[in-house]
Amino acid sequence: MKTINIILTLFIAILFSSCEDVIDIKAPKGQDALVVEGWLTNRSQNHYVKLYLTKKLMESSPYPAVTGAKIILKDSDGNSETLQETSAGTYEIKTMKSVAGKTYTLSIESSKGNYEAIATTPKLSLVPDSLSFKFEPKSGMYDKEGYYPRFYGQETEGKGDYIQVRLYRNGKYMNMDGDFNLFSDEFVDGNYIDNAELNVNEPFAKGEMVKGEVWSLSEHAFNFWTDIQTQLQNGQIFATAFANTRTNITKKSNATLNVVGYFGSSIVKSVERKVE
């Protein structure tokens, strides 16, 4: 039951939401775990780290925020920043931005224990140069009629690179389970990526503005998002059992809660285009 609590928390916490029928069941209580959620990029806006606790299965109350923590972010050049709590359980990174090749260490001292995460920013192996859209009628291959996105860009040489493509519709992040786009360069290393179709939960319509962001991922971060994708799409009758997603958060003291979540660092580039 603890595993299910953790997975359900991550489903909601890490940028996803869905509608479900309410089922009244009795289930044993699981153990609490700390959730750490945060990502550092090169984008101009400020970044945040969130700390909160998992909830019991079927509990409808808000996730309990972990307040009053001391969080320090350091980079491999010796720079450091103490994060400020801007709202309950939300801690702001004001000055640091992600730089390719640098390693970042996030240290957390909280009422639930001490934790640490280490993330090295990978280079962006594919810089997008354009988007295009192709109209597809409803068919055996396409559940819904509409315009489906494709992206283009040069993949740099050197195997072992990973990216995530995030899409925005009219400025709103598309975060449903069908919007996942994760790529490895295993079979396309050094090639120009031409007309690669992206997954979307809902196709686009004419007149909509679409932004595509390409995020560099380490292999560990790629595996984390793959775990999340598998859990979100794991609703079939013969689906595999729930398992904890991989994490880079470690406990630094024995008398502490277990921990789930992720702190990562990426380089991000984007392209935009109107559907015409």
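The following questions and answers concern the cores and one sheet of a predicted model.

Q: Why is the set that holds V49, L51, I71, L73 and F263 called a nonpolar core?
A: The name requires buried residues of nonpolar kinds, such as Val, Leu, Ile and Phe, joined through side-chain atoms within 4.5 Å. The largest such core has 23 residues, and V49, L51, I71, L73 and F263 touch the most other members. Elements that give two or more residues to this core include β1 (33-40), β2 (47-53), β3 (70-75) and β17 (258-265). A second, separate core has 22 residues, among them I163, V165, V210 and V271.

Q: What makes V49 and L51 contacts of I71?
A: Contact means heavy atoms within 4.5 Å. I71 meets that condition with V49 and L51, and also with E81, T82, L83, Y91, L106, S107 and I108, when neighbours within four places in sequence are left aside.

Q: How do you know that β2 and β6 pair, and in which direction do they run?
A: Pairing requires at least two bridges between two strands. Because 4 bridges join β2 to β6, they count as paired, and they run antiparallel. Within these strands, K50 stands opposite T90 of β6.

Q: Why are β5 and β17 said to stand at the edges of the sheet?
A: The open sheet of 5 strands has the order β5-β6-β2-β1-β17, with mixed pairing. β5 (84-87) and β17 each have a single partner strand, so one side of each is left without a neighbour in the sheet.

Q: What lies across β1 and β17?
A: Helix α2 (residues 219-232) lies across both strands, and runs at about 125° to β17.

Definitions and conventions: Residues are numbered from 1 along each chain as its sequence is written. This is a predicted model: local features need pLDDT of at least 70, side-chain atom pairs count only at pLDDT 80 or more; totals for chains, interfaces and linings use all residues. Side-chain values use heavy atoms; hydrogens and water are left out. Buried means under 20% relative accessible area, exposed over 50%, partly exposed in between (1.4 Å probe, protein chains only). Axes are lines fitted to C-alpha atoms, for helices over the stretch in contact, and angles run from 0 to 180 degrees between N-to-C directions.
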